[in-house]
Amino acid sequence: MRRTLLPLAAVSASVLLLAACGEQPAEQAAEEIGLGEGPVQNNLSIVTGGTTGVYYPIGGALRGIIGDNLEGQTASVEATGASVENIRLLGAGDGHLGIVQGDAADQGFTGTADFEGSPVETYSLAVLYPNVFHAVTLAGIAESNGFECFSDVVDHRYSVGDIGSGNEATTNQVFESLEIASSDLEIQQLGYAETANALTNNQLDAGSWVVGQGHSGITELGTTEDIALIEMCDDERDAVVSGYGGYTEHVIPGGTYPGVEDDVATIAVWNALVVPGSFNEEQAYEITKAMFEHIDEVVGVYAPSEEYLVPETIENSPVPVHPGAVRFYEEQGVDIPADLLPEGAASAEGDDE
């Protein structure tokens with residue numbers, strides 16, 4: 001179910017802080033700047049994820065596209081704890097564009113989960129590719145502990161991901177959908193590299209990688225250790241997909257990772273490029289247009305995204321589409337679902353009626 005869009009007057013102050021001028025108090029700026037009405041930002045900060053993940057190189061590709069094709073505009077790429085932190089950075093005005101998981105963006109928009117009582121409204125410029133839920137362990141650990149379905153990790157040492165990351169948010173949502181309490185496991189909050197090291201050193205039994213399929217960190221671990229991916233069994237997938245977060249069923253094909261020869265059933269969540277609501281409408285249009293005109297540069301840093309990086313994928317957006325991006329998609333003949341249009345916007349088709 002999509003959320004009910006809030007009127008413009010309800011756009012949260014945390015989102016609108018981004019456009020505050022240096023001499024203008026943040027509170028005053030937040031009150032005065034509406035959706036898409038912020039000033040053009042000439043030096044853009046792209047908040048991504050860890051340097052070993054997929055978000056960071058995609059951010060680098062976007063930096064190049066912006067710097068090479070948008071006159072007077074430059075961008076920098078910031079390594080962060082990923083989705084949840086990125087949304088908070090955008091809300092605080094410490095970032096301009098963010099790559100985030102859809103479930104975290106939705107939680108920010110609706111003020112739930114990690115954003116309970118402190119909503120941060122972001123708006124999509126583009127939907128990128130699905131992040132796949134990998135429950136990673138070593139083959140010897142899986143065999144000795146009888147890891148056949150995901151719920152078998154109960155009573156074991158499990159890394160949910162880095163603190164404040166989308167990885168952690170997704171894992172916690174999976175636990176909630178499967179009615180697994182945090183007290184049912186020995187929880188650790190480790191980044192991808194730390195999780196790999198802990199598995200290798202017998203300090204951990206399994207951990208989540210909620211990442212693009214073919215992730216280099218899992219591949220690298222598989223070149224030095226015999227790895228295993230814990231399947232999410234039928235009833236578990238049904239519970240997660242029918243629960244909160246907008247997840248879909250997914251199968252990791254056998255052979256994707258060294259030593260994992262069989263298909264592995266799991267779930268996935270879409271990633272999105274988002275901005276605060278106040279982000280300048282014309283600038284949002286120009287960035288979205290430039291990205292798709294030079295999409296090969298994004299595919300060049302993450303080849304598995306190629307089949308997804310088309311304008312039509314915007315229909316999977318976890319939050320409303322920014323007005324500037326709406327203009328681009330309508331020029332491409334893409335019909336954006338009504339529940340993804342920002343408050344007060346009408347599709348080109350609707351305007352003709």
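This report looks at one buried residue and at several salt bridges in a predicted model.

## A buried threonine

Start with Thr170. This residue sits in helix α7, which covers residues 166-177. Is Thr170 buried or exposed? Its relative accessible area is 0%. Buried means under 20%, so Thr170 counts as buried.

Which residues does Thr170 touch, leaving aside those up to four places away in sequence? They are Gln101, Asp103, Phe133, Val210, Tyr247 and Val269.

## Salt bridges: the count

Now turn to charged side chains. How many salt bridges are there? The count comes to five. Three of the pairs are described below.

## Arg237 and Glu249

Arg237 and Glu249 join through their side chains in a salt bridge, with 3.7 Å from N to O. The cut-off is 4 Å, so a distance of 3.7 Å qualifies. Arg237 belongs to helix α10 (residues 234-241), while Glu249 belongs to strand β9 (residues 248-252). The pair therefore ties together parts that are twelve residues apart in sequence.

The two partners differ in exposure. Arg237 is buried, at 11% relative accessible area. Glu249 is partly exposed, at 47%. This pair also has company: Asp234, Arg237 and Glu249 are linked in a network of salt bridges.

## Arg327 and Glu282

Next come Arg327 and Glu282. Their side chains form a salt bridge of 2.6 Å, N to O. Which helices does this pair connect? Arg327 lies in helix α13 (residues 323-331), and Glu282 lies in helix α11 (residues 281-293). The bridge therefore ties together parts that are 45 residues apart in sequence.

Both partners are partly exposed. Arg327 has a relative accessible area of 29%. For Glu282 the value is 37%. Partly exposed covers the range between under 20% and over 50%, so both values fit.

## Glu293 and Lys289

Helix α11 returns here. Glu293 and Lys289 are both in this helix, four residues apart. Their side chains meet in a salt bridge, at 2.6 Å from N to O. How far apart are the two along the helix? They are separated by about one helical turn.

Lys289 is partly exposed, with 29% relative accessibility.

## Putting it together

Thr170 is buried in helix α7. The Arg237 bridge runs from helix α10 to strand β9. The Arg327 bridge runs from helix α13 to helix α11. The Glu293 bridge lies within helix α11.

Notes
Residues are numbered from 1 along each chain as its sequence is written. This is a predicted model: local features need pLDDT of at least 70, side-chain atom pairs count only at pLDDT 80 or more; totals for chains, interfaces and linings use all residues. Side-chain values use heavy atoms; hydrogens and water are left out. Buried means under 20% relative accessible area, exposed over 50%, partly exposed in between (1.4 Å probe, protein chains only). Contact means heavy atoms within 4.5 Å.
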